[in-house]
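Hi everyone, thanks for making the time. Could you pull up the structure on your screens so we can walk through it together?

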Amino acid sequence: MIKKIIFDLDNTLLFISAEWEQSYKKFIDKYNLSITPKELYSCIGTFEKNINNVIVTNKIMCEYINSRLPILLTEDMFIELLDVYKNIPLLNTDIVYNVLEYLSHKYELIVYTNWFSKNQIDRLKTYSLDNFFSRIYGWDDLEIKPSEIGIEKIIGSNNIDEYVFIGDNIEFDLEVPYNMGMATIFLNRKSIKQNKFKEVFSIEELKEIL
């Protein structure tokens, strides 16, 4: 019987507004970096596809970005960039609040996300979403998902049948918990054709199937 829900955050519950591009441009212009906002954003967004099963630090992120882009990003600059990202407005938070409020009365809600936990907690606090979660794990707390090691640490001595994992990406959210025997729900935002995972097409639908 499912008692706990593990959520991915970005693109599952948290959707950043189009302001991200202008925010990144201000950062890039400040340091006169020879890249575009999309190049910087895409580089960070592909991090977990190239780095596996590590606990992430600012140093690791800087080394990764510098290895893939023609810039020299210092740790202080990266910390500033974290604040830029953290403060980009989010979309549809009223809908997210409503769904989490409903689910929190039935389940324990947990986050396992590929970003730094403090930044994610700060983003959630801004929209009064943080108190719905009993635990929030970032990639500075657990191995980068998808990680069997990370999921095992979340579960501990509990039964895997008590959990369901909800995410928007099959490869980087759902494959590992599914293969471990955990229930999974795919937020199929792009109408991907698949018949392997139980799916919803909006987070509001979670109230109907959970």
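Let's start with the aromatics: Phe-47, Tyr-64, Phe-78, Tyr-85, Trp-115, Phe-116 and Trp-139 form one cluster. Please keep in mind that this is a predicted model. The structure holds 14 aromatic pairs, and I'd like to show you two of them.

Take Phe-47 and Tyr-64. Their ring centres are 4.8 Å apart and their planes meet at 85°; planes over 60 degrees apart count as edge-to-face, so this pair is edge-to-face. Phe-47 sits in helix α3, residues 47–50, and Tyr-64 in helix α4, residues 58–68, so the pair ties together parts that are 17 residues apart in sequence. Are these two residues buried or exposed? Both Phe-47 and Tyr-64 are buried.

Now the two tryptophans. The rings of Trp-115 and Trp-139 have centres 5.5 Å apart, with planes at 35°, so we call that pair tilted. Trp-115 is in the loop between β4 and α7, while Trp-139 is in the loop between β5 and α8, so here the pair ties together parts that are 24 residues apart in sequence. Trp-115 and Trp-139 are buried as well.

Two other cluster members, Phe-78 and Tyr-85, bring us to helix α5. Phe-78 and Tyr-85 are among the buried residues of α5, along with Met-77, Leu-81, Leu-82, Val-84 and Lys-86. What do the buried residues of α5 pack against? They pack against β2, α1, α2, α4 and α7. For those who like a sanity check on helix geometry: α5 covers residues 75–86, and at 1.5 Å a residue its 12 residues should span 16 Å, which agrees with end C-alpha atoms 16 Å apart.

Next, the strands. Strand β4, residues 108–112, is mostly covered, with 4 of its 5 residues buried. β4 has a parallel partner in β1, residues 4–7, joined to it by 4 bridges, and there Ile-5 stands opposite Leu-109. β4 also runs parallel to β5, residues 133–137, again through 4 bridges, with Val-111 partnered by Ile-136. How does the chain get from β4 to β5? It crosses through helix α7, residues 117–126, in a right-handed β-α-β crossover.

One last stop, for anyone fond of charges and rings: Lys-207 lies over the face of Tyr-102, 5.5 Å from the ring centre. Thanks for listening, and I'm happy to go back to any of these views.

How values were computed. Residues are numbered from 1 along each chain as its sequence is written. This is a predicted model: local features need pLDDT of at least 70, side-chain atom pairs count only at pLDDT 80 or more; totals for chains, interfaces and linings use all residues. Side-chain values use heavy atoms; hydrogens and water are left out. Buried means under 20% relative accessible area, exposed over 50%, partly exposed in between (1.4 Å probe, protein chains only). Helices (H or I, at least four residues) and strands (E, at least two) are DSSP runs, numbered from the N terminus. Two strands pair if DSSP finds at least two bridges between them. A crossover is right-handed if, with the strands pointing away from the viewer, the path from the first strand over the helix to the second runs clockwise. Rings of Phe, Tyr and Trp (its six-membered ring) pair if their centres lie within 6.5 Å; planes under 30 degrees apart count as stacked, over 60 as edge-to-face and the rest as tilted. A charge sits over a ring if NZ of Lys or CZ of Arg is within 6 Å of the ring centre and within 35 degrees of the ring normal. The expected span of a helix is 1.5 Å times one less than its number of residues. Contact means heavy atoms within 4.5 Å.
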